[in-house]
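This report goes through the fold, the charged pairs and one helix contact in turn. The sequence and the coordinates follow, and the discussion starts from the charged side chains.

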Amino acid sequence: MMAGKLVSVFCVLFVVVTVSTAPVDEKQRKKVIDWHQECLDMHGVEVEVLVQALEGTVPDDDKFYEHIFCAAKKAKVMDDDGTVTVDLFEENMKDVIDPHNMARVSGIIRKCLIQRDSIMETIRNSVDCFYREEHGL
């Protein structure tokens with residue numbers, strides 16, 4: 001009887017760990033990094049910094065957040081004055097975010113990209129929220 005409970009506990013733990021650590025699709029990650037490249041170059045942010053951020057280690061560096069603002073404008077989820085507009089995220093990003101991951105990423109963007117008093121406050125709060133989520137990028 002005890003062995004059966006141990007097997008059940010192991011199975012539950014395996015499912016939880018597998019679901020909560022969704023594997024990164026390397027093709028998806030490459031598309032995201034390639035899409036970010038223009039903003040990375042513009043703000044002098046290295047690709048490795050973006051990869052580390054995608055993995056949960058977000059730098060406390062204004063250049064990184066300026067890069068994210070550039071990417072937000074490129075994705076058309078923010079305009080030049082920092083106004084948040086997420087209504088067309090799926091359409092604007094359909095060539096970057098894979099269809100199987102779009103609903104998840106779009107939901108996180110809608111949850112995390114909240115208008116704040118300043119552009120940098122909006123970006124910093126959004127980044128903090130986004131990287132706490134299982135984005136799969």
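## A pair between two helices

Which acidic side chain does the side chain of arginine 110 meet in a salt bridge? In this predicted model, the partner of arginine 110 is glutamate 90, with a distance of 2.9 Å from N to O. Arginine 110 belongs to helix α6, which spans residues 99-112, whereas glutamate 90 belongs to helix α5, residues 89-92, so the salt bridge ties together parts of the chain that are 20 residues apart in sequence.

Both partners are partly exposed: arginine 110 has a relative accessibility of 35%, and glutamate 90 has a relative accessible area of 28%. Side chains of opposite charge can pair when their charged atoms come close.

## Overall architecture

The protein chain holds 7 helices and 0 strands, and reading along the sequence gives the pattern α-α-α-α-α-α-α. The chain has 137 residues, of which 36% count as buried.

Among the contacts in the protein chain with a separation of 6 or more, 56% are made by residues that lie 24 or more positions apart.

## Other salt bridges

The structure contains 6 salt bridges, and one of them joins the side chains of arginine 124 and aspartate 60 at 2.9 Å, N to O. This pair links distant parts of the chain, since arginine 124 sits in helix α7 (residues 119-130) while aspartate 60 sits in the loop between α3 (47-54) and α4 (62-74), 64 residues away. The two ends fall into separate accessibility classes, because arginine 124, with a relative accessible area of 24%, is partly exposed, whereas aspartate 60, at 69% relative accessibility, is exposed. Arginine 124 and aspartate 60 also belong to a network of salt bridges that includes Asp62.

A further salt bridge brings the side chain of lysine 73 together with that of aspartate 80, at 3.6 Å from N to O. Lysine 73 is partly exposed, with a relative accessible area of 31%, and aspartate 80 counts as exposed at 64% relative accessibility.

## A positive phi in a loop

What is unusual about the backbone, given that most residues other than glycine have a negative phi? Lysine 76 is not a glycine, and yet has a positive phi of about 60°.

Lysine 76 is found in the loop between α4 and α5. With a relative accessibility of 53%, lysine 76 counts as exposed, because the cut-off for that class is over 50%.

## How α6 and α7 pack

At what angle do α6 and α7 pack? The angle is about 140°, and the axes of the two helices are 9 Å apart. The relation of α6 to α7 is therefore classed as oblique, because an angle has to be over 145 degrees to count as roughly antiparallel. The crossing of these two helices, α6 and α7, is right-handed.

On the α6 side the residues in contact are Ile108, Ile109, Lys111 and Cys112, and they meet Ser126, Cys129 and Phe130 on the α7 side. Sorted by class, this contact of α6 with α7 comprises 5 nonpolar residues, 1 polar residue and 1 charged residue.

Both helices of this contact also appear in the salt bridges described above: α6 carries arginine 110, and α7 carries arginine 124.

Terms used: Residues are numbered from 1 along each chain as its sequence is written. This is a predicted model: local features need pLDDT of at least 70, side-chain atom pairs count only at pLDDT 80 or more; totals for chains, interfaces and linings use all residues. Side-chain values use heavy atoms; hydrogens and water are left out. A salt bridge is a side-chain nitrogen of Lys or Arg within 4 Å of a carboxyl oxygen of Asp or Glu. Helices (H or I, at least four residues) and strands (E, at least two) are DSSP runs, numbered from the N terminus. Buried means under 20% relative accessible area, exposed over 50%, partly exposed in between (1.4 Å probe, protein chains only). Axes are lines fitted to C-alpha atoms, for helices over the stretch in contact, and angles run from 0 to 180 degrees between N-to-C directions. Angles under 35 degrees count as roughly parallel, over 145 as roughly antiparallel, 65 to 115 as roughly perpendicular and the rest as oblique. A crossing is left-handed if the near helix is turned anticlockwise from the far one by less than a right angle, and right-handed if clockwise. Contact means heavy atoms within 4.5 Å. Ala, Val, Leu, Ile, Met, Phe, Trp, Tyr, Cys and Pro count as nonpolar, Asp, Glu, Lys and Arg as charged, and the others, Gly among them, as polar.
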